[in-house]
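Here are some short exercises to try with the structure open beside you. Have a go at each task before you read its solution.

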Amino acid sequence: MKLESVELRRIKLSLVAPFETSFGVQTERDVLLLKAITDGGEGWGECVAGEEPTYSSEYVDAAGHVLIHHLIPRLLDRELVAADVSALLHPVHGHQMAKAAVEMAVLDAELRAQGQSFGRFFGAVRRAVDCGVSVGIQPSIAELLQTVGGYLDQGYRRIKLKIKPGWDVEPVRAVRERFGDVPLQVDANTAYSLADAEHLAKLDPFGLLLIEQPLPEEQVLAHAQLARTVRTPICLDESITSAQSAADAIELGACRVINIKPGRVGGYLEARRIHDLCAARGLPVWMGGMLETGIGRAGNVAMAAMPGFTLPGDTSASDRYYHRDITEPFVLEDGRLRVPTGPGLGVSIDAEYLESITYWKSVVGRAGSGVRS
Ligand code: OSB
Ligand code: MG
């Protein structure tokens, strides 16, 4: 297959409610989307980088820049398949989210051309995946209980509470008291230090499924040390940026569970390697989320149907994020989302709506005669 050009666009989508984490509050998403134009048809990719470099060092302006100037030019006008992309991009350090977006677009084009779905390509073993929901930090315990109750009424099978110092033990206690033994976990997004070990151990009596990324991303060994004081299983998110870092973290005893986000690790193919590695080591994995539109959600839901994804993911329904998605909406059915079965991502883009929320576009490659923006 030959990649002839890539169309990049930025869209703005308001979130249905503000989403607060230990690193900030988000009220809208500014999403970078890619359309790969190949000699065998088109494919779509979504970049999960946020507007600011607060979850990781990546951010959407930088992702756009590195794609236009350093990544896409290495892929244009040569015979390639999606499996070649990461090796061709290897000389560029880092920028996993940008790399993941272009690999995804090429993979979608390839699978659409073959008439094969992402699910079939990944070896999906279920037609629908169990869904959890990530609940942001709330202004009060009362509002937290109302929000969690609403999601449970909708059928979500697992609740994840965002925590930070000052908002941790009390919200967990309140949710346990009100909602009993609902599957519950927490995510600190790196907000603690090893000195907080005794404090975090106060979460142990609540029988949480896991505590996600309590310490800074580079402090992998400290997570192993934390695990000597805290009995709740530690799950890593930010620290895992590749299959190599996953293997190292497991070997060190830094985590018993891994949150797989294809964007964070450089793409679906590397994410699949992490799934396989964890399956071989007996670690459960689950599909993370980055507030994706229907494009990213389609790929994530397909991958979450692989056998090792034994815990519910942060793969929530479209209406948990957006009033109107850019694809047909993903709808919760009995706490699950159905895995798309059509070719490639298996979703169609609402072109007219997409155009109406696009505020920037650029084409790299033949159709754009170089870089245009
Ligand atoms: O840490 O998992 C995280 C959203 C943005 C950035 C980081 C994270 C999250 C979420 C939301 O928790 C997951 C989702 O519903 O997409
Ligand atoms: Mg997380």
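**Exercise 1.** Work out why ligand 1 lies between domain 1 and domain 2 in this predicted model.

*Solution.* Begin with the shell around ligand 1: domain 1 (3–115 + 350–372) and domain 2 (119–338) both give residues to it, so the ligand lies between them. Next, look at the two domains themselves, whose C-alpha centres lie 24 Å apart. Their contact takes 34 residues from domain 1 and 38 residues from domain 2.

**Exercise 2.** Find how many residues surround ligand 1, and how they divide into nonpolar, polar and charged.

*Solution.* Start with the count: 16 residues surround the ligand. Ser134, Lys162, Asn189, Leu291 and Tyr321 are the closest. Then sort the shell by type, which gives six nonpolar, three polar and seven charged residues.

**Exercise 3.** Locate the polar side-chain atoms of Ser134, Lys162 and Asn189 that pair with oxygen atoms of ligand 1, and give each distance.

*Solution.* Take the residues in turn, using a cut-off of 3.5 Å for a polar contact.
- Ser134: an N or O atom of its side chain is 2.9 Å from a ligand oxygen.
- Lys162: a polar atom of its side chain is 2.9 Å from a ligand oxygen.
- Asn189: here the distance from a polar side-chain atom to a ligand oxygen is 2.7 Å.

Finally, consider the cover: of the 390 Å² of accessible area that ligand 1 has on its own, the protein covers 98%.

**Exercise 4.** Which pocket is the space taken by ligand 1?

*Solution.* Follow the space that the ligand fills, and you have found the largest pocket.

Notes: Residues are numbered from 1 along each chain as its sequence is written. Chains are lettered from A and ligands numbered from 1 in the order in which they are written. This is a predicted model: local features need pLDDT of at least 70, side-chain atom pairs count only at pLDDT 80 or more; totals for chains, interfaces and linings use all residues. Side-chain values use heavy atoms; hydrogens and water are left out. A residue is near a molecule or strand if one of its heavy atoms lies within 4 Å of it. A polar contact is a pair of N or O atoms within 3.5 Å; within protein, one must be able to donate a hydrogen and the other to accept it, and residues adjacent in sequence count only if both atoms are side-chain atoms. Accessible areas come from the Shrake-Rupley method with a 1.4 Å probe; for residues, only the protein chains shown count as cover. On a 1 Å grid over the protein atoms alone, a cavity is a set of points where a 1.4 Å probe fits but cannot get out, and a pocket is an open set with protein on both sides within 12 Å along at least five of seven lines; lining residues have an atom within 4 Å of a point. A molecule sits in a cavity or pocket if more than half of its atoms lie within 2 Å of its grid points. Ala, Val, Leu, Ile, Met, Phe, Trp, Tyr, Cys and Pro count as nonpolar, Asp, Glu, Lys and Arg as charged, and the others, Gly among them, as polar. Domain bounds come from an automatic or database domain assignment. Contact means heavy atoms within 4.5 Å.
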